[in-house]
Amino acid sequence: LILALLLAACNPAPTGAADGTVLNVHTIQGPGATSPLEGRNVTVRGIVTGDFQDYGDEGSGRLGGFFIASLEPDADPASSEGLFVFEKAARPGNVAAGDIVEVSGVVAEFFGETQLLASSIRVTGSDAVTPSEIEFPVRDFERYEGMLLRIPEPMLIAGNHNLERFGSLAVAAGERHYHYTNRFRPDRQGFRRAVAARAETSLILDDGYRSENRRPVRYLDLAAPPRAGNVVVGLTGNLRWSRGSGGKGESAYRLVPTADVIAHERNPRELPRARKGNLRVVSFNVLNLFEGLDNGSPRCGPRSDANCRGANSTLEQERQLAKIGASLDALDADIVAIAEIENDARDSLELLVAALAEAGMDYAYVDAGIIGGDTIKVGLLYRQERVRPVGRHRILDQRADGRFDSRRNRPALAQRFELNANNAQLTVVANHLKSKGSDCDEANDPDRGDGQANCNLTRTRAAAALAEFVLQDRGGGKALVLGDFNAYLLEDPIRVLEDAGLVNLLAREAGTDAYTYVFRGQAGALDHAFATPALAADVRQSFAWHSNADEPPLLDYNMDRDRDPATFDRTTPWRASDHDPVVVDVELSP
């Protein structure tokens with residue numbers, strides 16, 4: 001932008017000014033990704049199709065400009081007929097949709113978007129504004145850059161992670177987007193094709209503001225929040241390529257609505273299914289539940305020298321515990337395999353159990369102490385009036401099996417339980433394997449580009465050790481292996497467990513439609529439950545309860561960025577975490 005303004009100062013005469021030539025929008029856009037007139041002073045004539053200027057209190061923090069369209073489109077489908085006019089610095093005049101204008105200024109490429117940096121604006125008349133309709137898939141969005149578009153088909157809400165901060169929703173045409181390896185075996189070429197195909201049906205629905213954390217949050221209706229899987233219809237707006245609010249968002253094609261966005265419920269909230277059988281076991285990643293507060297003091301973890309995670313204040317911690325309690329109350333679980341709880345001796349588990357007791361739930365925990373060296377660990381809770389632990393717990397870590405890299409994977413925790421009602425027994429093994437977020441390059445385990453992301457070998461070796469750990473004793477007896485495996489349904493770690501003879505319960509009931517997590521607008525199952533062959537016939541149902549992954553994060557316990565307190569409801573389970581719980585119901589007999 002600074003370079004373009006300097007060019008304007010050095011080249012003040014607009015192109016065509018001497019002979020009275022006024023350009024069309026498509027001449028500036030050209031057929032390629034960048035303008036053939038970049039850096040030139042020009043005069044262009046067009047009709048205003050979207051007004052996002054900063055005039056007035058309502059306009060404060062908006063895009064600082066407006067979109068115009070050609071009055072005389074050309075016959076070249078590769079050249080766009082729309083253009084964004086940026087006039088924040090000059091503020092040469094207010095316009096409205098439907099105004100016919102002549103604008104002079106410098107052509108610039110601003111992080112991939114062709115813009116005109118206006119120095120003067122003249123309104124010459126007005127006319128009706130008509131959007132162009134588009135159909136998906138779209139192989140080249142560039143040809144529509146800046147244009148006013150109408151999307152006749154319903155668009156699925158694919159993701160809502162940036163709803164609060166950037167006022168945006170990820171939307172997609174057609175069916176829900178799943179992570180590639182949730183539906184296909186890992187493959188480099190196949191993954192690249194899937195990424196390209198997904199881009200042809202994906203857009204970001206933007207709020208039209210540069211500022212972050214605006215109030216009220218656009219697209220938010222607390223009575224019917226924009227869950228992933230719901231749809232929006234009749235979208236009309238200007239298309240742009242942008243990094244989003246203040247240049248801090250994701251670079252993507254964005255539709256900035258010029259009309260109301262209408263949402264329809266296609267993926268309603270539902271309470272957990274009714275119990276089947278005499279035992280319910282749940283896997284629950286609780287999103288960094290720490291006894292220590294995340295206030296900058298390194299006092300957490302196994303050595304009390306790590307930064308804390310999760311709640312930043314006592315109030316946030318109370319809100320977090322209330323959400324987890326509401327979830328477990330709805331689930332009515334007998335045994336809970338917890339992931340992402342602070343790896344201390346017992347303070348965090350005692351904090352959770354005390355909060356559950358206050359809510360009327362009689363849970364106890366398996367006292368395994370500090371497990372491994374990570375800041376977080378797994379844990380096991382159980383309802384004392386329904387089950388009791390039998391014998392001592394066991395730990396799977398690198399000392400037990402060299403394939404299990406417990407510097408990166410959280411050690412697994414196994415405990416045998418007995419039903420109070422009939423003395424029937426089973427073993428529950430809680431897991432949390434290495435995440436995809438940080439790399440394992442030091443372990444010669446990089447992202448291979450096949451869809452499995454970072455650390456796949458680390459997780460796969462751990463899965464092989466886990467399978468042997470569970471099955472070595474007479475085929476494992478009756479055992480349930482569950483938790484956050486950080487691997488989607490068709491990735492190598494899951495295949496290793498299945499090939500060893502463990503029964504993948506979510507896949508058995510939901511196939512490749514199973515999901516427990518939504519990341520960058522794609523759903524997939526990172527959390528799983530496996531039964532040994534001896535237990536599989538006793539399983540009456542298994543499912544992921546979609547109480548978290550589809551919900552916008554602004555409903556969770558955090559109070560960051562002056563969040564509106566009205567968005568939080570401690571009595572409901574929605575968005576207690578970023579992972580959905582996995583539920584397994586068993587009819588267990590002696």
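How many aromatic pairs does the structure hold? The answer is 14, and a pair here means rings of Phe, Tyr and Trp (its six-membered ring) with centres within 6.5 Å. A few notes follow.

1. Before you dig in: this is a predicted model, where local features need pLDDT of at least 70, side-chain atom pairs count only at pLDDT 80 or more, and totals for chains, interfaces and linings use all residues. Residues are numbered from 1 along each chain as its sequence is written, and side-chain values use heavy atoms, with hydrogens and water left out.

2. Take Phe-67 and Phe-84, one aromatic pair: their centres are 4.9 Å apart and their planes 50 degrees apart, making the pair tilted (under 30 degrees counts as stacked, over 60 as edge-to-face, the rest as tilted). Phe-67 sits in strand E2 and Phe-84 in strand E3, 17 residues apart. Strands (E, at least two residues) and helices (H or I, at least four) are DSSP runs numbered from the N terminus. Both rings belong to buried residues, buried being under 20% relative accessible area, exposed over 50% and partly exposed in between (1.4 Å probe, protein chains only). Phe-67 and Phe-84 also join Phe-52 and Phe-86 in one aromatic cluster.

3. Now look at Arg-214: its charged end sits over the ring of Tyr-209, 3.7 Å from the centre. Arg-243 does likewise over the face of Phe-111, at 3.6 Å. The rule is NZ of Lys or CZ of Arg within 6 Å of the ring centre and within 35 degrees of the ring normal.

4. Next, the open sheet: six strands in the order E17-E18-E16-E15-E28-E27, with mixed pairing (two strands pair if DSSP finds at least two bridges between them). E17 and E27 stand at the edges with a single partner strand each, so one side of each has no neighbour in the sheet. Inside the sheet, E15 and E16 run parallel, joined by six bridges; Asn-285 has Ala-339 as its bridge partner in E16.

5. Helix H7 (residues 314-331) lies across E15, E16 and E28, at about 165 degrees to E15. Angles run from 0 to 180 degrees between N-to-C directions, using axes fitted to C-alpha atoms, for helices over the stretch in contact.

6. Finally, the largest nonpolar core has 35 residues, and Leu-279 is among those with the most contacts inside it. Such a core is a set of buried Ala, Val, Leu, Ile, Met, Phe, Trp, Tyr and Cys residues joined through side-chain atoms within 4.5 Å. Leaving aside neighbours within four places in sequence, Leu-279 is in contact (heavy atoms within 4.5 Å) with residues including Ile-335, Val-387 and Leu-588.
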